[in-house]
Amino acid sequence: MPNCADASQIKVDLGPYGEFLFPDKVNFGSARGFDVRGYVYVIGPVGEKRVNKIGSAKSVLARLKMLQSASWQRLQLRGAVPIICGSPVKIEFAAHTLAGDRARRLQGEWFSITPESAIECIAEAAKAQGAEFISLAEMERQHRQEVAALNAADLAAKRRRLGLD
């Protein structure tokens, strides 16, 4: 499992920042192969693309539930950057500064900014601090490879038990 000491050995596909925006389904279990310290996320109200909160959490889904319980508007998780090495909280604060320079701060951690621009601020803040991060697409790809390998090994073991090999 990678850690900060060997984070430079991780192949990180920074690709377009769109890889950090959420598709309809994201498997957060796919972080198993990585020592993810936390996520810096973008959450906003449904139907208002230019209103977004930049925050950090170990579990973004738990944070979404907590924020939802305090909001009269339905919220959605719009993106997240998994941080492998570095401080998600420090990256969050640096992203707030960048977002404040590029967009209007509405209140606290809420900005009048698109999810794409918010993710750019997070990625730039992480790079500036020398943090290591990985795209959600890469995490999902590696998770699927792990599952396929486990399924193949399980199938081979069953075939051996049944004497089919």
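**Exercise 1. In what order do the helices and strands of the protein chain run from the N terminus on?**

Solution. Step one: read the elements of this predicted model from the N terminus, which gives β-β-α-β-α-β-β-α-β-α. Step two: tally them by kind, and the protein chain comes to four helices and six strands. Step three: add some context. Buried residues account for 39% of the 165 residues in the chain. The accessible surface is about 9100 Å², with 54% of this belonging to carbon and sulfur atoms. Of the contacts with a separation of 6 or more, 74% are between residues 24 or more positions apart.

**Exercise 2. Find out over which residues the pLDDT stays under 50.**

Solution. Begin with the chain average, a pLDDT of 79, with 76% of the residues scoring at least 70. Next, look at residues 1-18: pLDDT stays under 50 here, and the model has 31 contacts beyond four places in sequence for this stretch. Then look at residues 23-32, where pLDDT also stays under 50 and the model has 19 such contacts. A word of care for reading these parts: where pLDDT is low, the predicted coordinates should not be read in detail.

**Exercise 3. Is strand E2 largely enclosed or open, and why?**

Solution. Take the residues of E2, 51-57, and ask of each whether its relative accessible area is under 20%, the cut-off for buried. Seven of the seven pass, so the strand is largely enclosed by the rest of the structure.

Now sort them by face. In a regular strand the side chains alternate between the two faces of the sheet. On one side of E2 are Val51, Lys53, Gly55 and Ala57, on the other Asn52, Ile54 and Ser56, and both sets are buried.

**Exercise 4. Which strands pair with E2, and in which sense?**

Solution. Start with E1, residues 38-45: this strand pairs with E2 in the antiparallel sense over five bridges. As a landmark, find Val42, which stands opposite Ile54 in E2. Follow the chain between the two strands and you meet a hairpin with five residues between E1 and E2. In that turn, Gly47 has a positive phi of about 90°.

Then turn to E5, residues 110-112, which runs antiparallel to E2 and is joined to it by three bridges. Here the landmark is Lys53, whose bridge partner in E5 is Trp110.

**Exercise 5. Describe the surroundings of Asn52 in strand E2.**

Solution. First, accessibility: the value for Asn52 is 0%, so this residue counts as buried. Second, polar partners: the side chains of Asn52 and Arg78 are joined by a polar contact of 2.5 Å. A polar side-chain atom of Asn52 also lies 2.6 Å from the backbone oxygen of Ile113. Third, contacts: setting aside neighbours within four places in sequence, Asn52 touches a list of residues that includes Val42, Ile43, Gly44, Trp110, Phe111 and Pro115.

**Exercise 6. Where on helix H1 do the buried residues sit, and what do they pack against?**

Solution. List the buried residues of H1 (residues 60-69): Val60, Leu64 and Leu67. They cover an arc of only 70° around the axis, which puts them on the same side of H1. This fits a simple rule: an α-helix has 3.6 residues a turn, so residues three or four places apart point the same way. The buried residues pack against E1, E2 and strand E3 (75-85). Finish on the other side of H1, where Lys65 and Ser69 are exposed.

**Exercise 7. Is Arg105 buried, exposed or partly exposed, and what stands opposite this residue?**

Solution. Locate Arg105 in strand E4, residues 104-107. Its relative accessible area is 41%, so Arg105 is partly exposed.

For the pairing, note that E4 and E5 are antiparallel and share three bridges, with Arg105 opposite Phe111 in E5. The two strands form a hairpin with two residues between them, and Gly108 in the turn has a positive phi of about 55°. The side chain of Arg105 reaches the backbone oxygen of that Gly108 at 2.6 Å.

Beyond four places in sequence, Arg105 is in contact with His96, Trp110 and Phe111. To link back to E2, compare C-alpha atoms: Arg105 and Lys53 are 52 residues apart along the chain, and these atoms are separated by 9.8 Å.

Technical notes
Residues numbered from 1 in each chain as written. Predicted model: local features only at pLDDT ≥ 70, side-chain atom pairs only at ≥ 80, totals over all residues. Heavy atoms only, no water. Buried < 20%, exposed > 50% of the residue type's maximum accessible area, 1.4 Å probe, protein only. Pairing = 2+ DSSP bridges. Contact = heavy atoms within 4.5 Å. Areas by Shrake-Rupley, 256 points an atom, 1.4 Å probe, with all protein chains shown as cover. Polar contact = N/O pair within 3.5 Å; in protein donor to acceptor, adjacent residues only side chain to side chain. pLDDT = per-residue confidence, 0-100. Arc of directions from axis to C-beta.
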